[in-house]
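Okay, thanks for making time for this. I'd like to walk you through one structure, so let me put it up on the screen.

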Amino acid sequence: MKPAAFRYHRAHDVTDAVGLLGELAAAGEDPKLIAGGQSLMPMMNFRLARPTALVDLGPLRREPALNSLRPNGSGLTIGAMVTHRTVEISELGPDFSVLSRAMRWVGHLPIRSRGTVAGSIVHGDATAEWCLLALLLDAVIVAEGPGGPREIPAAEMFHGFYTTAVEPDEVVTAVSFTRPAPKAALTEFARRHGDFAIVDAAVSLDADGGGRVVLGGVAPAPVRVPEAEAVLAGGVPGPALFAECGDAAAAAIDPPDDAAGSAAYRRRLARTLVTQALHEAWEKGETR
Ligand SMILES: Cc1cc2nc3c(=O)[nH]c(=O)nc-3n(C[C@H](O)[C@H](O)[C@H](O)COP(=O)(O)OP(=O)(O)OC[C@H]3O[C@@H](n4cnc5c(N)ncnc54)[C@H](O)[C@@H]3O)c2cc1C
């Protein structure tokens, strides 16, 4: 299937991309940025998106800051154009190794080799691994628009069905993960390997007790589950606590009922996946 006709522009750098978005919009166009194209092109092919102009960010891969991973204090900053595959094969150290371990769940190798971290987060699919990881590790999304750069905390990023806080005239330049999590895991269930998950769970356990629970596929956007985190905060890590936490997560959510899975099915998946992810974080997560 082919997309509807569109005009094609290449941005030379971030300033050029922001400028092009503004100029095209002022000229009555409906422009959109394209990075890896792994979400936007399928949406255009299915006519779910019909931008009249594309601004290609491809040349921005040449800019080291946009195409590298670098420590940032106790955190990790990933340039917007870094691909899923680059993260998958990078040695990130114990604090952020969950990022590379989680990448095997993202599509297939050709998709991971083209799709970008920023593209995934801006696209905002409710089950996208990067969106869950952003909430798990307190990511800060740096977006540059006509008024200059601004920072968007992950907690304020995901507004609902494929809707994020990034404005149509903004270019995301980096995503900073600010919360180290040596004991963390992401797991999921999809009908076939490489498909988007029906439900996915990302969890972390803190050294001094407590932890974080994030679910995808149970609401229009990925969500933290405070009821499940309260269980972790009050107990001793181990099978009984992890099962109780899974129960609490399942009880707290109000998942959708659709062709991919009934609400009851998604609730059962959430219970199983949260419990499983906690075991994995506890047993296989890196230790300092
Ligand atoms: C068969 C298939 C299976 C897949 N499976 C999974 C999966 O299991 N899990 C998963 O998470 N993803 C999956 N994906 C999607 C894939 O991960 C995409 O790469 C990712 O969602 C989008 O990244 P991209 O660079 O391709 O963005 P694009 O498709 O180029 O763009 C996506 C959106 O982000 C915007 N955008 C891109 N870059 C920027 C930027 N720097 N600043 C502002 N806006 C920007 C675009 O305008 C567009 O709205 C799958 C895709 C396919 C085709």
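So, the ligand. There are 29 residues around it, and the ones that come nearest are Leu33, Ser39, Leu40, Thr116 and Glu129. Keep in mind as I go that this is a predicted model.

Let's go through some polar pairs. Glu129 puts a polar side-chain atom 2.7 Å from a nitrogen atom of the ligand. Then there's some backbone involvement: a polar backbone atom of Ala35 sits 2.8 Å from an oxygen atom of the ligand. Gly37 also has a backbone N or O atom at 2.8 Å from a ligand oxygen. How much of the ligand's accessible area does the protein cover? On its own the ligand has 980 Å², and the protein covers 90% of that. As for which elements build the shell, strand 2, residues 31-34, helix 6 and strand 10 each give two or more residues. Helix 6 has the largest share, with 4 residues.

Okay, zooming out to the domains. The assignment splits the protein chain into domain 1 at 7-57, domain 2 at 67-177 and domain 3 at 184-286. If you take centres over C-alpha atoms, domain 2 and domain 3 are 20 Å apart. Their contact takes 22 residues from domain 2 and 28 residues from domain 3.

Now the packing. The largest nonpolar core has 43 residues, and among those with the most contacts inside it are Ile78, Val87, Leu99, Trp130 and Phe177, and also Leu133, which I'll come back to. The elements giving it two or more residues include strand 5 (75-79), helix 4 (97-102), helix 6 (117-123) and helix 7 (129-136), plus strand 6, strand 10 and strand 11. Which of them gives the largest share? That's helix 7, with 7 residues. And this core spans a domain boundary, in that it draws at least three residues from each of domain 2 and domain 3.

Back to Leu133, then. Leaving out residues up to four places away in sequence, Leu133 touches Val98, Leu99, Ala102, Met103, Phe177 and Leu186. There's also a second, separate core of 26 residues, and Val213, Val218, Val225 and Leu232 are among its members.

Next up is Arg179, which I'd like you to click on. Arg179 is in the loop between strand 10 and strand 11. Buried or exposed? Its relative accessibility is 14%, so Arg179 counts as buried, the cut-off being under 20%. What does the side chain pair with? A polar atom of the Arg179 side chain is 2.9 Å from the backbone oxygen of Leu136. The Arg179 side chain also makes a polar contact with the side chain of Ser204, at 3.1 Å. Not counting residues up to four places away, the residues that Arg179 touches include Phe96, Leu137, Asp138, Asp206 and Arg212.

Another charged-type residue to look at is Asp56, in strand 3, residues 53-56. Asp56 comes out at 12% relative accessibility, so it's buried too. Setting aside neighbours within four places in sequence, Asp56 is in contact with Tyr8, His9, Arg10, Ala11 and Ile34.

For contrast, go to helix 1, residues 14-26, where you'll find Ala26. Ala26 is exposed, because its relative accessible area is 70% and the cut-off is over 50%. If you want a long ruler, Ala26 and Pro182 are 156 residues apart in sequence and 47 Å apart in space, C-alpha to C-alpha. Gly22 is in helix 1 as well, and it's partly exposed at 37% relative accessibility. From Gly22 to Asn45 it's 23 residues along the chain and 25 Å between the C-alpha atoms.

Last thing, for anyone checking backbone torsions. Most residues other than glycine have a negative phi. Which ones should we look at here? Arg47 has a positive phi of about 60 degrees, and it's not a glycine. Arg47 is in the loop between helix 2 (40-45) and strand 3, and it's partly exposed at 38%. Then there's Tyr162, also not a glycine, with a positive phi of about 50 degrees. Tyr162 sits in the loop between strand 8 (158-160) and strand 9 (163-164), partly exposed at 36% relative accessible area.

That's what I had, so over to you.

Conventions
Residues numbered from 1 in each chain as written. Predicted model: local features only at pLDDT ≥ 70, side-chain atom pairs only at ≥ 80, totals over all residues. Heavy atoms only, no water. Core = buried A, V, L, I, M, F, W, Y, C linked by side-chain atoms within 4.5 Å. Buried < 20%, exposed > 50% of the residue type's maximum accessible area, 1.4 Å probe, protein only. Domains from an automatic or database assignment. Contact = heavy atoms within 4.5 Å. Near = heavy atom within 4 Å. Polar contact = N/O pair within 3.5 Å; in protein donor to acceptor, adjacent residues only side chain to side chain. Areas by Shrake-Rupley, 256 points an atom, 1.4 Å probe, with all protein chains shown as cover.
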